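Hi,

Here is the structure I promised you. Have it open while you read, and I'll go through what turned up.

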Amino acid sequence: KELLNSIIQLAKELKSKRTPAVFLGSYLQDSFVQNKTEWKKLVQSFSEDDDLVYVVPMVIWHSRELTNDLAILLIDLAKAGKISLLEFRLFEYVDFFREVSQNVIDEWFALLLSQNDVVFSLIALSTYHHLYVYGKQNKKLPEELTLRLLTHLTFFTPSNKIMSDQMGEYNWAGIADKFIEQLPDRALEIS
């Protein structure tokens, strides 16, 4: 407990620095395994502290588990400007969303796509690819979300940011291929 308090104090003093967030997340990973209820209370307390709110995404990332409540907390914090939406990049690759409902997943993607910035659209694209395409041959795509993502204007607007994301085109093509495979009658909508 004393060590945890010291780490929390250090995180407050070094507000917004990445290292204390990583260290705190790593330290609390064991707490998550031992007592999820207490861990969630601690994360909630961090989210309510202006000096510690920045650690919330990293602490959740270290747990390797996202629930509806935690995903909604991250969405609300991002909407309120308390955390950067860039932090959603932490959740691109690991199977974080296995316990998250489709409604909350839709809200996650809606927030990313509402920014009308290709950086956030690429985060959505990568997350979507991992969630529905990569290694998921039998997973049915959510039709409207897929269409909204594939036809997002940011992918059809010239930008240097698109060129710097080496996986963007690959992810878009993989999602489009699966969309066409599952819904051939709607193929023209993405061409």
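Glu-65 is buried, because its relative accessible area is 17% and the cut-off for buried is under 20%. This is a predicted model, by the way, so please read everything below as computed from that prediction.

What does Glu-65 pair with? Its salt-bridge partner is Lys-36, and the closest N and O atoms are 3.3 Å apart. Lys-36 sits in helix α3 (residues 36–47), while Glu-65 is in the loop between α4 (56–63) and α5 (68–79), so the bridge ties together parts that are 29 residues apart in sequence. Unlike buried Glu-65, Lys-36 is partly exposed, at 37% relative accessible area. If salt bridges are new to you, the basic idea is that side chains of opposite charge can pair when their charged atoms come close.

By the rule used here, the count comes to 9 salt bridges. Here are two others to look up:

- Lys-82 with Asp-50: the closest N and O atoms are 3.3 Å apart. The pair links distant parts of the chain, with Lys-82 in the loop between α5 and α6 (102–114) and Asp-50 in the loop between α3 and α4, 32 residues away. Lys-82 is partly exposed at 38% relative accessibility, and Asp-50 is partly exposed at 49%.
- Glu-107 with Lys-79: here the closest N and O atoms are 3.4 Å apart. Glu-107 belongs to helix α6 and Lys-79 to helix α5, so this bridge ties together parts 28 residues apart in sequence. Glu-107 is partly exposed at 31%, whereas Lys-79 counts as exposed at 52%.

There is a network as well: salt bridges that share partners join Glu-143, Glu-144, Arg-186 and Glu-189.

Now for the helices. Two packed helices are described by the angle between their axes and the distance between the axes.

Take α8 (residues 143–150) and α10 (residues 168–182) to begin with. They pack at an angle of about 140°, with their axes 11 Å apart. That makes α8 oblique to α10, and their crossing is left-handed. Which residues meet there? From α8 come Glu-143, Thr-146, Leu-147, Leu-149 and Leu-150, and from α10 come Trp-172, Ile-175, Ala-176 and Phe-179. Sorted by class, this contact has 7 nonpolar, 1 polar and 1 charged residues.

Stay on α8 a moment, and look at what is hidden there: Leu-145, Thr-146, Leu-147, Leu-149 and Leu-150 are buried. The cover over these buried residues includes α6, α7 (118–133) and α10.

Just along the chain, Phe-156 lies in the loop between α8 and α9 (160–163). Leaving aside residues up to four places away in sequence, Phe-156 touches Leu-150, Thr-151 and Trp-172. Two of those names should look familiar: Leu-150 and Trp-172 also take part in the contact of α8 with α10. If you want to try the distance tool, go from Phe-156 to His-62: they are 94 residues apart in sequence and 35 Å apart in space, C-alpha to C-alpha.

Next, α6 and α7. Their axes come within 8 Å and cross at roughly 150°, which makes α6 roughly antiparallel to α7. On the α6 side the contact is made by Gln-102, Ile-105, Trp-108, Phe-109, Leu-112 and Leu-113, and the α7 side includes Phe-120, Ile-123, Tyr-128 and Tyr-132. By class, the contact has 11 nonpolar, 3 polar and no charged residues.

One more pair is helix α2 (residues 18–34) with α3, which pack at an angle of about 145° with their axes 6 Å apart. Leu-24, Leu-28, Ser-31, Phe-32 and Gln-34 of α2 meet Lys-36, Trp-39, Leu-42 and Phe-46 of α3. Lys-36 is back again, as the salt-bridge partner of Glu-65.

Finally, some backbone angles. Most residues other than glycine have a negative phi, and most peptide bonds are trans. Arg-64, in the loop between α4 and α5, has a positive phi near 65°. Asn-116, in the loop between α6 and α7, also has a positive phi, about 50°, although it is not a glycine. Are these residues buried or exposed? Arg-64 is partly exposed at 34%, and Asn-116 is exposed at 58%.

Have fun with it!

Methods. Residues numbered from 1 in each chain as written. Predicted model: local features only at pLDDT ≥ 70, side-chain atom pairs only at ≥ 80, totals over all residues. Heavy atoms only, no water. Axes fitted to C-alpha atoms, helices over the stretch in contact; angles between N-to-C directions. Helix = DSSP H or I, 4+ residues; strand = E, 2+ residues; numbered from the N terminus. Parallel < 35°, antiparallel > 145°, perpendicular 65-115°, else oblique. Left-handed = near helix turned anticlockwise from the far one by under 90°. Contact = heavy atoms within 4.5 Å. Nonpolar A, V, L, I, M, F, W, Y, C, P; charged D, E, K, R; others polar. Salt bridge = Lys/Arg side-chain N within 4 Å of Asp/Glu carboxyl O. Buried < 20%, exposed > 50% of the residue type's maximum accessible area, 1.4 Å probe, protein only.
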